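Please open the model in your viewer and keep the selection panel at hand. The tour below moves from stop to stop, saying at each one what to select and what is there.

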Amino acid sequence: MTTTLRRRTWGVLATAMAATLLLPAVAAQAAGTSAGHKPATGSTHQPKPKHPTPKPHPKPHPHPKPHPNPPPLGGSEASADVSATLPLTTRDEIVGDFLGKGYDQRMRVEDTNLLTFDSPAKGGSPVRTTPTDLRPIPDGGILRQLLNTVSTIYPWADDAAKNQFLTFHLNSVYLAKNKQNVFIAGTKGSIAGSSGGNAYHNYLYQVAPDGSCATSSCAQGVVDLPSAYQVNDPYNARAITTTSLAAGYVGTHPYLAVGLSDGGVQIYDVSGPQPRLTAIYQGMATGDGAQTLPTAMAWDPAGSGLLAIGVMEKGSIGYFVNVNADGTVQPVDHRWTATGGAGLEPTPLSAAFVQGPNGPVVAFGMTDGTVKLANPAVTSAAAVSTGSTVNGVIAINPVPRIDGTSGPDDLAVALQSASGDPNTGGGQLLRWDGTSNPMTALPLTVDASSGDPDTLLPDHNSFRGWFPGFKEGRFSIRNMSGEPVTVSLHARSQAGYGCWYAPSWADAPAFPAQAVTVAAGQSSPTYTFGAYTAGTDGGCASTDSTGVWRGYLTVTPVNHPSDARLVELLLDRKLTLDTGSQAGGAVTVFAEPSSNAAGAPSTSFGTWSLNVGTGDTTRFAIPPTVVGTRLTAPSVDPTIPDSGQADDPHRPVYRFDVSGARSIGSIAAGQAETRIPAMTAQGSTDNGGHWQDLGQLMPVTQPTVSGGIVTLGQSSFFWQSDFGQPVLTDVRVSFGGTTSSPVHLAGLAAPPTNGGPNAVDVDAMNLTPALGGVAATPRANGVDQAPLNLLLQPTDNNGGVIRNDDPRYQLVYYRSSPSNELITGLYTPGDYQDYVSVGPWAGAYPNDGLEAAATTGPVHRYLVTTSGLSQTVVAVLNNSGTPSGIYATELKVQGSTATITASGTASGGLTLNGCPAGSCSLTAPTPTSPSLFQAGDRTAGPVSGLLFEANAVTSSSILPLEFKPTISHVLASSPLDIANDQARLSQTALFWPTDKIDAALATSGQLVRVTDIAVENQ
């Protein structure tokens, strides 16, 4: 998805009248001066320097060595994000963030006002209107008063020049800008040669950079430019107007070039409030008095002082001049061999620098619809390469390549298609491969009727909306919940898949390929988001669903991942971020704009926060009730000391039955899953003065839910003090910060010796798998139970058994063999994977495991384990009052760790496989009777997981979703109907037939996450 973008100095989008600027990086060359003829009249507000007579051109001065190519994206430095910039689309406008909005606006003089227009994405209407007292020279010329005769004079010398003036709107008020100021060049008055109030003047203003001033009364500096050529000549007089304007830097020093219809190019130092004339370049003079008009200028953005000048004249139409650090012009220029001829066709209308493979070249946009590349370091240079468009090229904007290819910047060109109207025209994107091959036009949109790629945008507004080929923003994930979440991004760059383009920029990284974890109440780092505006085939500009800009997020609560939420991110053409279709669990995600950090760069979309809520609420706990039972009889001879044997009656064995623990606030509306931490058994050896943890307890019996309150099922654990260690006096159970009432062990009655005087003596005991076989084989998850038959046999055993309501069944406890350690039923730190327990409570999965019919015999006990290793358990009954108890035959335990896999389709039936019987038994959870599963592990310890519903959701494996013309494709979620151990979609129509789904299913105490399941057979 990530596209490599060559890092490039960005900022100069130079045309005939303006340049957007970066800090220069190259010092000026040695001083020198070039000269030409002066206009007949005109003055500035400071003395003019003297200019020597033109001299023959010496050998060209070598151009400064080009900078080495910068590292590509993902290297040590990333590019600056330029997506908030606008292109120049006319010769007399400038672009920039004049109002501090965080994105570009454009500025142009129309009628009597300096207008600042908002971005097209924001409507494109004027957001600031500032009156100006400057006007373009009228197309009908001005009056010239000579003695008592009044006549009309024009800024052009002949009909050929007049045609270009009127066709391409050369009579205009021109603008330029640098980082400190805006410059305005226009005229006042209508009578040349007059000293009255209506005298014609050609002015240059230096004003504030925000467009708040456009008159002489508020300007920082005013220059009265030359206004007439040979004003006293009755036949050859011409009005002088500005025909191009460009701002640039020599080193770090700002200069302004003013192109005049007569008189050449004036260079001004604009480092202070008042522009100061430093040089006049007239090297384009032909020597025969022919008019030579600078119609296109651009400064080298590297700050070398190189100035490119396109000229409307019969001779050479391209010049390259070096301006020194002090603003003087070196007496050397290089020329382009192209000529205008008698018809002044073609004439340069725009200019810009492009970094070529061997140094900078200059692109000239021509009246004949071509773009010509010329090498400024070569005397009498021929065109390096030519590109063809459909109309006159009135603005050139270099833009970095964003399709992963290497090579010079592309050229985004604005066109003029209507004579006399620079606002009418489209735009194209030309690519130069760095050789003499012709430039090629790249797709910018698709034809509405055929759907084929189209290289021409129809108007300037759509051209501005496309520029510079991508739109970028910044976003962070704000976790508003009380639990951690993980966030993953799914996106592709192709049309039909969202057109996503969000590489790392200098100020922010791309979203990581791996999921990002955001802690409770915290925000993630800021990442990039964005989209191609056209893409490699123009499809991202399509107006149907295939051109929609989008990406997808998966937001997963760490504590209940079945509630993961899929979220469609919509990047609107109006440059807003919103959420579209969503599917999945009870997670809320919404977007809202946030403020840019101080010093953060401007971006197209701005900065956004994606706010996540998981429904997690403050939890309260009600502690359980704990009932203790002493299982062993007292010693028949108290005078005999503790033998240290496992069943010595001096260290009684106890069972504690735990019930009624409740969790309040653990379920939000619509929540699919919750997790409840285990309870903790605690003991005291000093009558409750101090407590120590004995281990964790997780019930495996069915929980119930009512009114959002989860009541855990019953559970039991056993305890016996170790030989030689302090004896417990009290036991309690803590849960969620609360504790049960303590059980005072001294108050627990001992069972009667050997069952009492009327009891039938027990001779033997059997503990066997209730489902047959030689071993108990539950799934090794600590929840799935293996039912066991516990049989007490009388002394006069004639094949009979002691009745199953005999109280001595309740006195049986269990030990591991051969260690003879008591099986407590508690999880202890570090031993999660070795856990085994036997208890009296039938749990949520009492007959899972072999899933076969039970054999004859009473089922009294249920075994769980987390281990897949072979184990041996033995049941013990010791009510004899001596260290000798009755031991049952050893029971083999072999927990199942077989992998569970899924098969089938979501519509035809989904089955889980890998259980002993083949297909696994599926539970059908409900909000009041959830499916219980083991949500813990050896790191977290035991955790009760509850699944409240079985849902299918669009699989993250097919994200981003594919869109086809006029066909909507949305994220979807549907309940699964569970019957006959199969799960089926209840709402198949919500999905495309080619879609895939993810789901969570519960079987045998295990939550199985099935992914990438086809909706239908393909």
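Begin with the largest cavity of this predicted model, and select Val700, Ser716, Gln785, Ser837 and Gly839, which among its 18 lining residues are those that lie nearest its centre. The volume of this cavity is about 160 Å³, and it belongs to a count of eight cavities of 30 Å³ or more. Rolling a probe the size of a water molecule over the atoms shows where empty space is left.

Now colour strand E50 (715-719), strand E58 (836-839) and strand E59 (859-865), the elements that each give two or more residues to the lining of the largest cavity. Which of them gives the most to that lining? It is E58, with three residues. If you then colour the lining of the largest cavity by class, you should find 10 nonpolar residues and eight polar ones, with no charged residue in the lining.

For the next stop, select strand E27, residues 410-416, and display its side chains. Seven of its seven residues are buried, so the strand is largely enclosed by the rest of the structure. In a regular strand the side chains alternate between the two faces of the sheet. Turning E27 to view one side, you will find Asp410, Ala412, Ala414 and Gln416, while Leu411, Val413 and Leu415 are on the other, and because all of these residues are buried, both faces of the strand are covered.

Keep E27 selected and add its partners. Strand E26 (residues 392-399) pairs with E27 in the antiparallel sense over seven bridges, and a place to look is Val399, which stands opposite Asp410 in E27. Strand E28 (residues 427-431) also pairs with E27 in the antiparallel sense, over four bridges, and here the residues to select are Leu411 and, opposite it in E28, Leu430.

The last stop is Ser542, which you will find in the loop between strand E35 (527-532) and strand E36 (549-557). Is this loop residue buried or exposed? Ser542 counts as buried, because its relative accessibility is 10%, and the cut-off for that class is under 20%. Show the side chain of Asp544 as well, since the side chain of Ser542 makes a polar contact with it at 2.9 Å. Finally, add Val446, Gly547 and Arg573, the residues that Ser542 touches when those up to four places away in sequence are not counted.

Terms used:
Residues are numbered from 1 along each chain as its sequence is written. This is a predicted model: local features need pLDDT of at least 70, side-chain atom pairs count only at pLDDT 80 or more; totals for chains, interfaces and linings use all residues. Side-chain values use heavy atoms; hydrogens and water are left out. On a 1 Å grid over the protein atoms alone, a cavity is a set of points where a 1.4 Å probe fits but cannot get out, and a pocket is an open set with protein on both sides within 12 Å along at least five of seven lines; lining residues have an atom within 4 Å of a point. Grid points are joined across faces, edges and corners, and a volume is the space filled by probe spheres set on the points. Ala, Val, Leu, Ile, Met, Phe, Trp, Tyr, Cys and Pro count as nonpolar, Asp, Glu, Lys and Arg as charged, and the others, Gly among them, as polar. Buried means under 20% relative accessible area, exposed over 50%, partly exposed in between (1.4 Å probe, protein chains only). A polar contact is a pair of N or O atoms within 3.5 Å; within protein, one must be able to donate a hydrogen and the other to accept it, and residues adjacent in sequence count only if both atoms are side-chain atoms. Contact means heavy atoms within 4.5 Å. Two strands pair if DSSP finds at least two bridges between them.
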